[in-house]
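User: Could you walk me through how to read this one? I'm new to this.

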Amino acid sequence: MKLTLAALATTMMVATPALADLIVPNMSYRTGPYAANGIPYADGFADYFTLLNERDGGIGGQLVQVPECETAYNTEKGVECYESLRTQNPLVLNPLSTGITYQLIPRISQDGIPLYTPGYGRTSAKDGSVFEWVFNAPANYWDGASVAVKHILEQEGGDLSGKKIALVYHNSAYGKEPIRTLEELSEKHGFELNLLPVDAPGQEQKSQWLQIRRDRPDYVIMYAWGVMNQVAIQEAVNIRFPMDKFIGIWWSGSENDVRAAGAGADGYKALTFHGVGRDYPLYDDLQQYVYDAGKAAGAGDQAGSVLYSRGAYAALVIAEAIAKAQELAGTPEITPAQMRDGFEALEITAERMAELGLPDFGAPIALSCQNHGGDGLARVQQWNAGEGSWSLITDFIEPDAEILDPLVQEDSAAYAAEAGLTARCN
Amino acid sequence: MDQFIFGMEVVMNGLMTGVMYALVALGFVLIFKASGVFNYAQGVMALFAALTLVGIQNGQVPFAHLINATFGTSLHHFGWTVPAVLAVALTALVMVLLAFLIEKLVLQHLVGQEPIILFMATIGLAYFLEGLGDVMWGADIKTLNVGLPQGISDGIEEVTATWFGYGFFIDRLDLWATLIAAMLVAALVAFAQYTKQGRAMRAVADDHQAAMSVGISLRFIWVMVWSIAGFVALVAGIMWGTKSGVQFSLSLIALKALPVLMLGGFTSIPGAIVGGLIIGVGEKLFEFTIGPMVGGATENWFAYVLALIFLVFRPQGLFGERIIERV
Amino acid sequence: MIYREAGDFKTSYRDDSQTFPIRLDRWGYYAILAVAFGIIPFVINDYWANAVLVPFLIYAIAAMGLNILTGYAGQVSLGTGGFMAVGAYAVYKLMTAFPDVSIAIHVLLAGLITAAVGVLFGLPSLRIKGFYLAVATLAAQFFLVWLFNKVPWFYNYSASGQITAPTRTVFDQAVTGPAASAPAKYLVCLVFAFALAWLARNLTRGSLGRKWMAIRDMDIAAEIIGVNPLRAKLSAFAVSSFFVGIAGALLFAVYLGAAEVGEAFGINKSFLVLFMIIIGGLGSIFGSFAGAAFLVLLPVLLKNTLVGTLGWPTDLAAHIELMIVGALIVTFLIVEPHGLARLWRLAKDKLRLWPFPH
């Protein structure tokens with residue numbers, strides 16, 4: 001036992017890196033039940049920074065270090081990762097888990113480290129006046145629910161009265177997120193909302209899909225994760241639910257989720273807040289500087305997939321925020337607090353995206369002290385089983401701010417009251 | 001009336017689901033019966049078998065990631081594919097090899113230990129196999145296709161539509177699972193009743209020492225039983241993996257087998273089947289009738305409550321051997 | 001030579017029946033306590049507290065609780081995760097309802113509430129035995145998790161169902177919430193672990209513990225010699241759940257700070273704690289600590305060695321880590337089937353005779 005502690009102590013000493021570089025940790029999960037989703041995301045995240053280091057010599061002349069820490073999507077390992085990464089002075093953390101995010105929000109607020117949670121995490125963190133250190137641009141779970149309903153509205157010619165929409169969700173904090181939003185929306189648009197929870201892990205969903213088959217809802221919206229995705233899509237195929245009326249959130253829309261269901265999954269829709277595939281000029285550079293140089297992360301076989309693109313996009317936003325922070329601070333060696341300022345002044349225009357080699361890949365982002373969540377734009381992608389690829393079928397759709405803003409205000413106010421915070425940004 | 005017809009559909013699907021649960025439970029029962037070990041690793045064995053099957057089928061290089069990380073190569077595939085039947089046979093061989101190794105390296109050293117210690121050994125085994133499966137074949141989701149059909153069975157839908165005016169949904173995969181499970185149970189029962197090895201297996205199950213004293217090789221029986229359990233795990237892995245793809249979560253199907261085991265008794269093959277059917281129907285019916293009133297997602301806990309209700313009346317499980325207590 | 005009973009004369013029954021009859025043991029125990037209370041709080045940093053020692057102490061408390069039920073009273077339980085959830089949600093409701101009361105009192109109350117729930121789910125143990133009893137506790141596990149997920153009152157109607165621990169203090173030192181310092185968190189857990197270990201040790205060697213062990217060894221025989229199985233079994237469930245509830249309350253409030261019931265208190269937690277007591281040694285307080293150390297510290301150590309020192313890719317390291325833990329469990333078993341506690345005892349016995357084994 002004492003020997004163990006001594007050995008542990010020595011290993012802890014060794015693992016401290018040089019402090020001069022920009023540290024952007026990659027909290028990944030390449031093992032455990034969600035590994036299949038964690039691997040491409042982590043690869044994309046790491047590859048983008050490798051590209052910046054190889055091609056541009058880092059950001060503002062400073063190399064970016066991306067130490068990886070395996071969380072296995074487990075909150076306790078997440079705490080361990082946070083504590084060990086914190087000793088390395090990270091600029092920003094991206095834990096890729098809603099559970100770990102909830103856990104880290106109080107801690108990073110205390111320690112002053114920005115948290116960037118694109119498309120997941122705590123929705124009301126959008127309110128920068130309460131959540132000083134948390135950023136969740138470009139879109140969050142509630143945006144997703146609203147965009148999905150807007151897409152349905154468009155499909156139905158603007159009228160949803162008397163329609164039935166079912167929500168199939170992972171019976172956890174993540175899955176329950178959209179319920180409030182959808183309830184408000186159902187009141188506004190007059191559709192009937194039907195809630196169908198599935199307990200984790202979600203390998204057995206026969207009851208839920210039999211009920212869908214009986215009730216024949218006009219549309220199904222799904223918030224699933226892990227094995228629940230594959231099983232749900234397979235069951236939908238089995239009961240011959242029309243796939244183009246089945247819309248998943250972005251975490252239910254990767255190649256992994258649809259492939260197991262084969263040809264039947266053709267036409268399945270999912271939301272996304274970024275482009276997909278390798279048809280972007282950026283991939284020429286990635287090919288040249290990263291893949292061909294043998295520096296690709298992981299097995300190097302994920303390029304262009306949905307989650308790889310999402311990881312790369314998260315890295316891109318962080319890189320832009322670092323550049324902005326360097327510009328504001330007037331030095332390439334920035335601190336986490338300057339990083340926050342960089343995020344708050346972040347502006348990524350369509351032209352800038354084109355310049356970065358990803359034209360029309362993501363919606364323009366403009367953040368401010370109040371707005372940490374962007375405009376919440378998302379688009380719809382559809383699976384083509386024959387070609388085995390996703391295609392974007394709509395432009396960016398704006399969520400219903402009229403419904404969402406009061407909800408965000410309410411939730412962030414509750415948090416501020418609970419944590420005893422006063423609003424900033426005045 | 002509608003509710004009644006829907007209820008019938010739910011019952012039929014519950015029965016089918018029950019068969020899928022029973023498939024997993026069978027592996028537990030076999031090992032428990034023959035060696036008194038509660039094999040915690042059964043779920044991981046199903047995952048491992050399915051991973052191996054897909055790996056062989058697609059010509060994946062085992063340990064590719066480890067090799068590439070160590071030697072800087074980039075191996076992934078041999079570049080061939082193996083027909084499903086052959087791949088299943090090869091995987092069965094791998095499971096036999098695994099059984100042999102488990103006996104040689106673990107069980108042989110633990111002969112005569114208490115059940116709790118053997119249980120703990122299988123915990124270690126589960127950890128090890130989980131890591132091994134990932135290192136060997138990678139942690140990504142793999143599509144498993146051995147040619148089993150999936151989707152609604154049109155015949156049943158049509159027939160029920162003419163009878164009741166509402167076409168029932170039955171998954172063709174579930175029908176196949178039922179067929180395969182029936183064959184598997186028949187084969188196992190026949191094997192246990194009519195072959196020499198089968199009788200030896202039952203003798204070992206009855207009393208280790210008495211069996212050894214009449215010249216039965218305990219080691220051979222254990223290798224055999226673990227091989228059969230490995231094969232059952234492979235079948236369960238194929239059935240569940242066809243639906244969800246092969247991924248880590250496949251090992252969690254063991255949790256679905258627990259209430260079945262408790263209900264059916266750890267030592268009875270028919271018990272596993274009947275237990276599976278009762279749990280399948282019970283949890284589906286409860287979710288259908290009471291679920292909407294309490295907010296749904298009740299299946300996980302109701303399976304256990306159902307098993308508990310049965311156990312209060314029959315503490316040894318439905319088909320378990322009667323517990324005789326002497327001081 | 002040094003480690004022996006000879007020359008250590010006992011002059012009273014009290015001395016004779018003490019926990020550590022050998023002088024060197026006693027000294028070692030006091031030395032460990034002195035280090036744990038007197039030195040570690042001054043040198044501890046956030047990493048050591050949050051990633052290593054706090055989880056170790058909390059799991060040790062949970063393991064002691066389960067060991068009382070399973071190791072001493074012989075009732076197999078797979079409901080530990082669910083009972084920990086009761087403790088966590090009880091402490092959360094108490095913390096938010098009575099913010100002015102000391103958190104230590106809330107944690108104790110949470111333990112008592114869990115004890116009541118434990119007794120309720122322990123009732124089937126009067127009829128169902130052995131592995132079959134696990135079904136009753138599993139029903140508790142899944143039902144409790146479902147309940148806390150489903151009823152919004154338990155999580156104060158928050159949007160997503162996550163509970164977050166607000167800052168609360170003991171002697172004006174924050175021990176929960178983000179402002180809590182590493183020594184404060186560590187000391188709170190240490191005090192609870194120490195007090196509960198002391199309680200467990202004295203309960204298990206007193207008349208209650210003897211009744212539990214009689215029930216464990218053979219309940220009919222125990223009944224014949226006058227042990228009331230109803231009281232013995234339910235008291236085991238109550239005491240065990242009290243420990244487990246405190247562990248759950250600390251896990252949520254001090255260690256994690258935020259929790260979601262399905263993730264933090266799922267069936268995996270029940271298995272993890274069960275593994276701890278089996279690996280550590282059933283029916284041993286030391287074993288509870290050893291098992292918790294094995295399953296909490298070893299993965300962290302392996303991770304730091306494989307990734308930090310050897311520089312392996314994180315995924316490969318995580319997989320190999322699983323294989324090493326698995327292989328070690330099997331190896332330990334083959335060397336000594338009765339857990340780390342027995343290994344420890346054997347080592348001490350050898351040491352007692354050393355260097356003259358004959």
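Analyst: Sure, let's begin with annotations. UniProt positions are given here in the numbering used for this model, feature names are shortened, and annotations may be inferred rather than shown by experiment. This is a predicted model, where local features need pLDDT of at least 70 and side-chain atom pairs count only at pLDDT 80 or more, while totals for chains, interfaces and linings use all residues. Residues are numbered from 1 along each chain as its sequence is written, and chains are lettered from A and ligands numbered from 1 in the order in which they are written.

User: Which residues of chain A does the UniProt annotation "domain: Leucine-binding protein" cover?

Analyst: Residues 28–386, according to the unreviewed UniProt entry. Helices (H or I, at least four residues) and strands (E, at least two) are DSSP runs, numbered from the N terminus. Over residues 28–386, chain A is 43% helix and 13% strand.

User: How many residues of chain C are in contact with chain B?

Analyst: Two residues are in contact if their C-beta atoms, placed from the backbone, lie within 7 Å. Here 37 residues of chain C touch 43 residues of chain B. Helices H6 (133–150), H9 (219–224), H12 (267–280) and H14 (314–335) of chain C each supply at least two residues of that side. H14(C) gives the most, with 13 residues.

User: At what angle do H12(C) and H15(C) pack?

Analyst: Axes are lines fitted to C-alpha atoms, for helices over the stretch in contact, and angles run from 0 to 180 degrees between N-to-C directions. H12(C) and H15(C) (residues 339–353) pack at about 20 degrees, with axes 3 Å apart. They are therefore roughly parallel to each other, a label for angles under 35 degrees.

Technical notes
Parallel < 35°, antiparallel > 145°, perpendicular 65-115°, else oblique.
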